[in-house]
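Subject: Structure handover

Hello,

Here is the structure I promised to pass on. Please open it next to this email, and read my notes below as you go.

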Amino acid sequence: MTNGVSAHGARRGITGVTAPPLLSALNIVSLGAEISALRRFRDERRGVPARPTESDLRTIMSYSVGSLVSDRYLPLLREELALEGDHLRAPQWSKSAVAPDRAFVVAIVGAGMSGIAAAHRLQQAGVDYVVFEKNDDVGGTWYENSYPGCRVDVQNHMYSYSFAQKHDWPNYFSPRHVLHDYFRQCAHEFGLLTHVQLRSEVVSATWQESSATWELVVRGPDGVRTVHVNALMSAVGQLNRPKFPDIAGRESFAGPSFHSAEWDHSVPLAGRRVAVIGTGASACQFIPEIAAQVDELVVFQRTAPWLIPAPRIHDSVDPGFGWLLGHVPFYAQWYRFWLFWRGAEGMLPAATVDLAYPPTERAVSALNDETRKLLTAWLEMTAGDDPELLAKITPNYPPLSKRFVLDNGVWAATLKQPHVTLVSTAIDRIETDGVRTRDGVLHEADVLIYGTGFQASRFLTPMKVVGRGGVDLHEQWSGDARAYLGIVVPGFPNFFCLYGPNTNIVVNGSIIYFSECEVHYAVECVRLLLEKGYGSLEPQRDVHDAYNAKIDEANRLRTWGFSKVSSWYKNETGRTAQNWPFTVLEFWEQTRAPNPDDYVLV
Ligand code: NAP
C-alpha cells in the first residue's frame, strides 16, 4: 500500500530495488550503524551537523524514501522539508517594496486551517488583511466537530503546516482538541489573532465595479455592517455545513436528535437506546466510543466503507520514538518528509482506471483488485468469525472510490457486541419512536444521531457572492461549482477560493499541503495586482473551461469518477466536483505563480 520502507532508513536500495531476504542481515548491519552514529552523536557532543548540500539532499531523500527521487520533485520536497526554516515557501516579496503607497486590504472568510495559513502569508508579505470568523474561536473543523472519538485520520506529524512543524504530538493521530490547540497556537504565535473578528459571519459579498472593491455585509456581535476590501479569500472549508438526510418523517422523532458535527453533549446516552444513521469517517469514529455507554445501539448502514488497517490509530507516540523526534537534529523534519512522500502520490496508481482491464464495480484495474484483496483480508481478519457481519461490512464497489476509514480492528469488534446491531436494510422513514426499515421493522430508539456528512458540493453556501455585472456565483455554478486551479472564477475579480472545487485529495497526501499551495498562488495574485498596478484580475473564461475539461476527463479515469457508488465527491449533476485527479507535484507546479496570459487584467 505504501512504498514499504521505514522512517528509520531504507529497506531498499536507492535504485528502488527491494533487498532479497538473504540480505536482510544487512538491515541489522545498517541499524547497527545507525545506533553507533547516535551513540557518537551523544558521546562526542558534536552539536548540530552542517546543512546538507544539494547533492547530499538528493542522496538522503532518495535513501529515506527508498527510491531515486526525480529531480522534478526536488524543489517541492525541499520546501516541504523546510530544513532551513520557512524561507523557501514564504513570500519572496513585500508590499512595502512593490506598492508602498497603495491602500490594499484583503478579507479572509474563515479562521480554520486555510484561513490561518492565508493570514500568515499575507502578514509575511506585509499586506493588510482582516479575517471574519462566524464561530467564537478559530480552528474551523477542529473547533466545530466535538463528537466523541473525533481525531485526525492522517498522521499528524504530516498533518501540520510546513511553516509550523511540531515534533511532540502526543499521538500518531491526535484527538481533535490537540489539533484545535495547534491551530489556535499557530494563530497566536504568528500574531494573527488581533486581525480575527470572531462571531462575525460574512453574509454577502458584492463586487463594486466603480471602485474595484468587494462590499461585504458582515453580521457580528454589534449587528450588521458593511466593509469594503480590495480582495476576498474564501476559506470556509468544504465539510462544515451538516447534511441531514432526506428521509420522510425526520421531524416526527420524539426524542433528542442531532448531527455529528453539532454534537449535543447535554443529551445523556448512558443506558439509552441510540440509533445512528451513517457509517462514514465521522460515524466510524464515534460509534465505537458511544457503544461503551449505551444500552442498545442500532447502526444504519447504506454503503459499507472500505477499512484501511491502521494499528496505531489510537496509540500514543512511543517514548523512544518521541525521544528521537525531540533530540536527533532534523530527525523530526525527515520523519515528516517521509510521511509526506509516502502519501504524496500514494495510492493514485491503485485508483487509476485501466480501460483494458476492463473496469467494473468490483475493481478498476489489476492493481485496484490487489488492493481489494488486501483490504478484504483485513475484513476477514477482524470479522471472519462472524460470516453474517463480514458479508454486511464487505463493500460492493472498487476500493478508493469513496473516502476510506482507518481501522485497528475496533469497527468489527464494536459491531460484534451483543447490544449493537448493524442494519443494512434501507430506511423507509423516521417515526416518533424510532427508524422503520423497508422490511417493515421498527427499530426503536430514544436518541437519534445523524452521521450523515456535509453539504460538501454546495461550495461557499450560505454566503451570497455577486460578481461583475450582478452575477450571483451560486446561479453561475447552478449546483456545479468550478474554478480555475480550484481557486479563481471568471466574472469574480480579486476573488480566491481556498479548498475550492476540485482541490480535495483522496489518496494522496495532506489537505494542508493543498491549502498551502492555494494560499501561495492567491498571495502571488495579490503580488501581481500590486506590482503591476492593476485594479483587478479574473481568469479568462476559455482558460477556465479548458482546465475544467481536463479535470473532468482525468476524474472519469479515477475510481471515484468511474464507480456508481454514492459519495460526497460528486455533486447533484453527477460530476466529481471535489477531487483533484492528478499528482501532488502537478498541483504544486501549477500554483507557483499566476500566468498573466491566463487573466483579464484591468
Ligand atoms: P460521509 O463520509 O459523507 O458519510 C455520511 C454517511 O451517512 C455515509 O455512510 C452515508 O451513506 C450516510 N448517509 C447519508 N445520507 C443517508 C441516507 N439518506 N440514508 C442512509 N444513510 C445516509 O460524512 P462524514 O463521515 O462526516 O465524513 C465526511 C468527510 O469528513 C470524510 O470523508 C473526511 O474527509 C472528513 N472527516 C475527516 C475526519 C478526520 O479525522 N480527519 C473525521 C471525520 C470526517 P453512503 O455512504 O451510502 O452515502
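Start at the ligand. One of the ligand's oxygen atoms sits 2.9 Å from a polar backbone atom of A281. The next residue to look at is S282, where a polar atom of the side chain is 2.7 Å from a ligand oxygen. R302 also takes part: an N or O atom of its side chain lies 2.9 Å from an oxygen atom of the ligand. Keep in mind throughout that this is a predicted model.

Which residues come nearest to the ligand? They are R151, S282, R302, T303 and K402, out of 25 residues around it.

Now the domains. The domain assignment splits the protein chain into three parts:
- Domain 1 is made of 25-81 and 312-345.
- Domain 2 is made of 95-241 and 456-601.
- Domain 3 is made of 250-306 and 349-450.

I looked at how domain 1 meets domain 2. Their C-alpha centres are 32 Å apart. On the domain 1 side, 27 residues make contact, and they meet 25 residues of domain 2. About 2,400 Å² is buried between the two domains. Carbon and sulfur atoms give 58% of that area. Three residues of domain 1 deserve a look here: R72, I313 and R336. Together they supply 24% of the area that domain 1 buries against domain 2, more than any other three residues.

What about polar links across this interface? Between domain 1 and domain 2, 12 residue pairs are in polar contact, with both residues at pLDDT 80 or more. Three elements each give two or more residues to the side of domain 1 that touches domain 2: α3 (74-81), α9 (319-327) and α10 (331-344). The largest share comes from α10, with nine residues. By type, the residues on this side divide into 13 nonpolar, five polar and nine charged.

The rule finds two salt bridges across the interface of domain 1 and domain 2. Separately, have a look at E79 and R592, whose side chains meet in a salt bridge at 3.6 Å, N to O.

The full count of salt bridges by this rule is 35. One of them pairs R336 with E80, and their closest N and O atoms are 2.9 Å apart. This pair ties together distant parts of the chain. R336 belongs to helix α10 and E80 to helix α3, and 256 residues separate them. R336 has already come up above, as one of the three residues named for the area that domain 1 buries against domain 2.

Next, E144. You will find E144 in helix α6, residues 141-144. Which residues does E144 touch, leaving out those up to four places away in sequence? The answer is K134, N135, N240 and A261. With N135 there is a polar contact between the side chains, at 2.8 Å.

Last, some backbone points to check by eye:
- Y357 and P358 are joined by a cis peptide bond, with omega at about -5 degrees. P358 lies in the loop between α10 and α11 (366-383).
- T461 and P462 are joined by a cis peptide bond too, with omega at about 5 degrees. P462 is in the loop between β17 (447-450) and β18 (464-466).
- L485 has phi near 60 degrees, a positive value in a residue other than glycine. L485 sits in the loop between α14 (473-477) and β19 (495-497).

That is the list. Write back with any questions.

Best wishes

Notes. Residues are numbered from 1 along each chain as its sequence is written. This is a predicted model: local features need pLDDT of at least 70, side-chain atom pairs count only at pLDDT 80 or more; totals for chains, interfaces and linings use all residues. Side-chain values use heavy atoms; hydrogens and water are left out. Domain bounds come from an automatic or database domain assignment. Contact means heavy atoms within 4.5 Å. Buried area is the accessible area (1.4 Å probe) that two parts lose on being put together, summed over both. A salt bridge is a side-chain nitrogen of Lys or Arg within 4 Å of a carboxyl oxygen of Asp or Glu. A polar contact is a pair of N or O atoms within 3.5 Å; within protein, one must be able to donate a hydrogen and the other to accept it, and residues adjacent in sequence count only if both atoms are side-chain atoms. Helices (H or I, at least four residues) and strands (E, at least two) are DSSP runs, numbered from the N terminus. Ala, Val, Leu, Ile, Met, Phe, Trp, Tyr, Cys and Pro count as nonpolar, Asp, Glu, Lys and Arg as charged, and the others, Gly among them, as polar. A residue is near a molecule or strand if one of its heavy atoms lies within 4 Å of it.
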